[in-house]
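Me: Got a minute to go through this one with me? I'd like quick answers.

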2 protein chains.
Amino acid sequence: MTPDRLSHTFAALADPTRRAILARLASGQASVTELAAPFQMTMPAVSKHLKVLERAGLIARGREAQWRPCRLEGEPLRDVADWMEQYRRFWDESFDRLDDYLQSIQKEKKHDERQ
Amino acid sequence: MTPDRLSHTFAALADPTRRAILARLASGQASVTELAAPFQMTMPAVSKHLKVLERAGLIARGREAQWRPCRLEGEPLRDVADWMEQYRRFWDESFDRLDDYLQSIQKEKKHDERQ
DNA sequence: CGTGTACTTTACCGATTAGTTACATAACCG
DNA sequence: CGGTTATGTAACTAATCGGTAAAGTACACG
């Protein structure tokens, strides 16, 4: 239960409601009410989800009069992508040729290893 | 809380112990005892982690006498990679010009919001 | 057969999570 | 000022999670 950043990111993404919120924010910023609209749950529930996303660094919130517009912050996803790279040969079928594998080694050297 | 596959995968990855187990399995299959060795926790705890990973489809278990060797199954990670792709422009700075343009729109919105 | 080894299952515990309702705060609008 | 709108906080609940100890299962070996 180390609260490392990668764990926070994965945990935040492990909920379909939160992923739907991110999908909405990918097309531009939105208020909490706008984000809550597609769901059956109450506003406080959505507010909590936003808190989780914010804590994971996946969204940032501004302030505009009585609205608190949210926008997507993709930076934590880079850590996920970096982590994924180390397993690419296990899921990317177009990657199992030798030269591709050598290329993967090259890429791994460019990234610093995180866990 | 739809128990969709992607949620299961992300949830399984949201624990450093389980990610360490996957890292170990990336270099070849191992028995439960071998996997448990680096950790301070008891065997049943590791067994539970393996169950979570197995349920997420990230590992598969064989049977060899009294040993139950585990091996990594990367397929669910492809779903993660596919999901990630839709957000690439938010974290990959070396993306193409179209996405740089889209990203600049996003930044302008951030700028507007600060005023 | 009995004993050891390699695990799994069960039962429990404390912490966290995802949701609720009810209330509080904050800003605009007449 | 008072009312409406937008959002956050508090308190509660049920379910899940990560861990434990103890008992159960399955196989190998002498």
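Reply: Sure, here is a short run through the DNA contacts, the chain contact and the helix packing. Keep in mind that this is a predicted model.

Me: DNA first. How many residues surround strand D, and which are the closest?
Reply: 24 residues surround DNA strand D. The closest are Ser31(A), Thr33(A) and Pro44(A) from chain A, plus Thr42(B) and Ala45(B) from chain B.

Me: Which elements give two or more residues there?
Reply: In chain A, helix H3 (32-36) and helix H4 (43-55) do. In chain B, helix H4 (43-55) does.

Me: Which gives the most?
Reply: H4(B), with five residues.

Me: And how do the residues near strand D divide by class?
Reply: Twelve are nonpolar, eight are polar and four are charged.

Me: Now strand C. How many residues surround that one, and which are the closest?
Reply: 23 residues surround DNA strand C. Ala45(A) and Ala65(A) are among the closest, along with Val32(B), Thr33(B) and Pro44(B).

Me: Which elements supply at least two residues each?
Reply: H4 of chain A, and helix H3 (32-36) and H4 of chain B. H4(A) gives the most to the surface near strand C, with five residues.

Me: Class split near strand C, what is it?
Reply: Twelve nonpolar, eight polar, three charged.

Me: Change of topic. How many residues of chain B are in contact with chain A?
Reply: 26 residues of chain B, and they touch 29 residues of chain A.

Me: Which elements of chain B give two or more residues to that side?
Reply: H1, H2, helix H5 (75-85), helix H6 (88-91) and helix H7 (97-113) of chain B. The largest share comes from H5(B), with six residues.

Me: What classes are on chain B's side?
Reply: 14 nonpolar residues, four polar and eight charged.

Me: Let's look inside chain A. Which residues of helix H1 are buried?
Reply: Helix H1 of chain A covers residues 5-13. Its buried residues are Leu6(A), Ser7(A), Thr9(A), Phe10(A), Ala12(A) and Leu13(A).

Me: What covers them?
Reply: The cover includes helix H2 (16-25), H4 and helix H5 (75-85) of chain A. It also includes helix H1 (5-13) and helix H2 (16-25) of chain B.

Me: You mentioned H5. At what angle do H1(A) and H5(A) pack?
Reply: About 100 degrees, with their axes 10 Å apart. Angles of 65 to 115 degrees count as roughly perpendicular, so H1(A) and H5(A) are roughly perpendicular to each other.

Me: Which residues make that contact?
Reply: H1(A) uses Arg5(A), Leu6(A) and Thr9(A). H5(A) uses Pro76(A), Asp79(A), Val80(A) and Trp83(A). By class, that contact has four nonpolar, one polar and two charged residues.

Me: Over to chain B. How do H2(B) and H4(B) pack?
Reply: At an angle of about 75 degrees, with their axes 10 Å apart. H2(B) is therefore roughly perpendicular to H4(B). Thr17(B), Arg18(B) and Ile21(B) of H2(B) meet His49(B), Val52(B) and Leu53(B) of H4(B).

Me: Class split for that contact, what is it?
Reply: Three nonpolar, two polar and one charged.

Me: Last one. How is chain A divided into domains?
Reply: Domain 1 covers 5-73 and domain 2 covers 76-110. Six residues of domain 1 are in contact with four residues of domain 2 in chain A. The domain 1 side has three nonpolar, two polar and one charged residues.

Technical notes. Residues numbered from 1 in each chain as written. Chains lettered and ligands numbered in written order. Predicted model: local features only at pLDDT ≥ 70, side-chain atom pairs only at ≥ 80, totals over all residues. Near = placed C-beta within 6 Å. Helix = DSSP H or I, 4+ residues; strand = E, 2+ residues; numbered from the N terminus. Nonpolar A, V, L, I, M, F, W, Y, C, P; charged D, E, K, R; others polar. Buried ≥ 20, exposed ≤ 12 C-beta atoms within 10 Å, placed from the backbone. Contact = placed C-beta atoms within 7 Å. Domains from an automatic or database assignment. Axes fitted to C-alpha atoms, helices over the stretch in contact; angles between N-to-C directions. Parallel < 35°, antiparallel > 145°, perpendicular 65-115°, else oblique.
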